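Colleague: Hi! Could we go through the empty spaces and the metal site together?
Modeller: Happy to, let's pull it up.

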Amino acid sequence: MTDPNQTPSSTPEYQIGYGSALRSEARPGALPTDQNAPKRAPYGLFAEQINGTGFTVERAHNLRVWLYRLRPAIHDRPFARMTAGEAPPHFSGDFSEAVSTPEVQRYQPLALASGGSTDWLDGVQTFAGAGDPRIRRGMAIHLFTADADMQRVFANIDGDLLLAPEHGRLHIRTELGRLEVGPGEVAILPRGIRFQITLPEGPVRGFASELFDGHYLLPERGLIGANGLADERHFEAPVAEYEDVAEDTVIVVKQGGVFWQTTAPNSPFDVVAWHGSYAPFKYDLRKFMSYGSVSWDHPDPSVLTVLTCPMDGNTRGSGRNAVDVGVFMPRWDPTEHTFRPPYFHRNSAIEFNAVIQTPRTKGAYPSGAFSFTPYLTPHGVSHVGHAAGVEAPDEPRKTSTGDIWLQFESTYSLGVLPRWLGSERRDGEFLQNFTGYAEGELTS
Ligand SMILES: [Fe+2]
């Protein structure tokens, strides 16, 4: 049994099963067993439901959670809109000035936060986006760096967040319990659930995607069969853990791209029990089972999809996805008579690639670097990479030795916020990789 006023410093406990009907209680009998809203809930707790989907969506896609808490989340203190000086300075939901350029871009890592005053919320820096959270269409890509624990609590009404730390660890306390993720892991935080991030190992840096509609789903396996890719049992959800603290707590909400705050009279982390499928999760990308060709040519990178979300939220099969979260892990390439590096291509999607881990200490792609390829924009390997690919022997070879690259693909034509296009983090020499190719020889 979890101690009722435990200070959350120990390693979190988890339960497993993405999309499962999960249940957890921090006090015996706190979870009603036969109904959701008894006249008097056990221990006099308040029952509160959070719907992640519309009431009548197909049962397979319905997400909801019932919370049993010491006090209702509603209270009598109004929210006030945060001024420009109070709101997180670079966490944006406005893409009216975002620019969709026709060329590939590469960026060097963000400088780690320093000075000890930047919490995760102030440390979010929106990179690109499309759509509008007010009409529940679109998505955004963010970077973050922070070096201070959040003393406040945040709820993102606008979208589900997927956080991928590249440096340092995120300790995420949510209404449903605690998660902790480090480099190579991701955290999925459904919209509307309140959370607070602290930094057990100091400064952090990482990447995030935000879905304004729908939720992160496991892709169908199709002809692959019943196994492989990301497995439901490798996704970990929190267990209920609560505190009974009647002290003022600042709660910040992002709603319609606007930040609001109030001071609640108590901690929102007072959920003693819960059940449902609308929950935060963590996943270790190293548990992803990669697929690839064992004969010749390349499969499409969609075989490396960890999580996905269709553009319209729930209807699969169009191939037009608001986001595909892919991972490129070390894996074997045994293909014969095949140009093994990524072939030159243009995709009907944007591609955002981020280096989460690399054993290399030199080169243009250190850990934390990232690139952006706009919609249907030509891209491929450099002339050096092309020459090496043409000459490479056919013997089986491991594609890397310790790299983890994360990819966000989106059918939305995301634009980059102007502050990035001319920033010092952008690699102005990047395009020079794409000259000097040995040209085709019609006479050979
Ligand atoms: Fe690509």
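Colleague: How many cavities of 30 Å³ or more does a search of the whole structure find?
Modeller: There are 2 of them. Keep in mind that this is a predicted model.

Colleague: How much space lies in the largest cavity?
Modeller: About 70 Å³. Strand 22 (321–328) and strand 27 (404–410) each give two or more residues to its lining. Strand 22 has the largest share, with 4 residues.

Colleague: And what classes of residue line the largest cavity?
Modeller: The lining has 4 nonpolar, 4 polar and 2 charged residues. Among the lining residues are Pro301, Asp324, Phe328 and Glu409.

Colleague: What about the second largest cavity, what is its volume?
Modeller: About 60 Å³. Arg69, His75 and Asn266 are among the residues that line the second largest cavity, and by class that lining is 5 nonpolar, 2 polar and 2 charged.

Colleague: OK, switching to the metal. Which residues coordinate the iron ion?
Modeller: His345 and His379 each do so through NE2, and Glu351 is listed twice through OE, at 2.0 to 2.4 Å. In sequence, the donor residues follow the spacing H-x5-E-x27-H.

Colleague: Are His345 and Glu351 buried or exposed?
Modeller: Both are buried.

Colleague: Why is the arrangement around the iron ion irregular?
Modeller: Because the angles subtended by the 4 donor atoms run from 58 to 163°. Four donors count as tetrahedral only if all angles lie between 85 and 135 degrees.

Colleague: Last one: how much space is in the second largest pocket?
Modeller: About 510 Å³. Of its 27 lining residues, Tyr18, Gly19, Tyr216, Leu217 and Leu218 are the closest to the centre.

Methods. Residues are numbered from 1 along each chain as its sequence is written. This is a predicted model: local features need pLDDT of at least 70, side-chain atom pairs count only at pLDDT 80 or more; totals for chains, interfaces and linings use all residues. Side-chain values use heavy atoms; hydrogens and water are left out. On a 1 Å grid over the protein atoms alone, a cavity is a set of points where a 1.4 Å probe fits but cannot get out, and a pocket is an open set with protein on both sides within 12 Å along at least five of seven lines; lining residues have an atom within 4 Å of a point. Grid points are joined across faces, edges and corners, and a volume is the space filled by probe spheres set on the points. Donors are N, O and S atoms within 2.8 Å of the metal (3.2 Å for Na, K and Ca); water is not among the atoms, so sites may look incomplete. Four donors count as tetrahedral if all angles lie between 85 and 135 degrees; four count as square planar and six as octahedral if opposite donors are over 155 degrees apart and all others between 65 and 115; anything else is irregular. Buried means under 20% relative accessible area, exposed over 50%, partly exposed in between (1.4 Å probe, protein chains only). Ala, Val, Leu, Ile, Met, Phe, Trp, Tyr, Cys and Pro count as nonpolar, Asp, Glu, Lys and Arg as charged, and the others, Gly among them, as polar.
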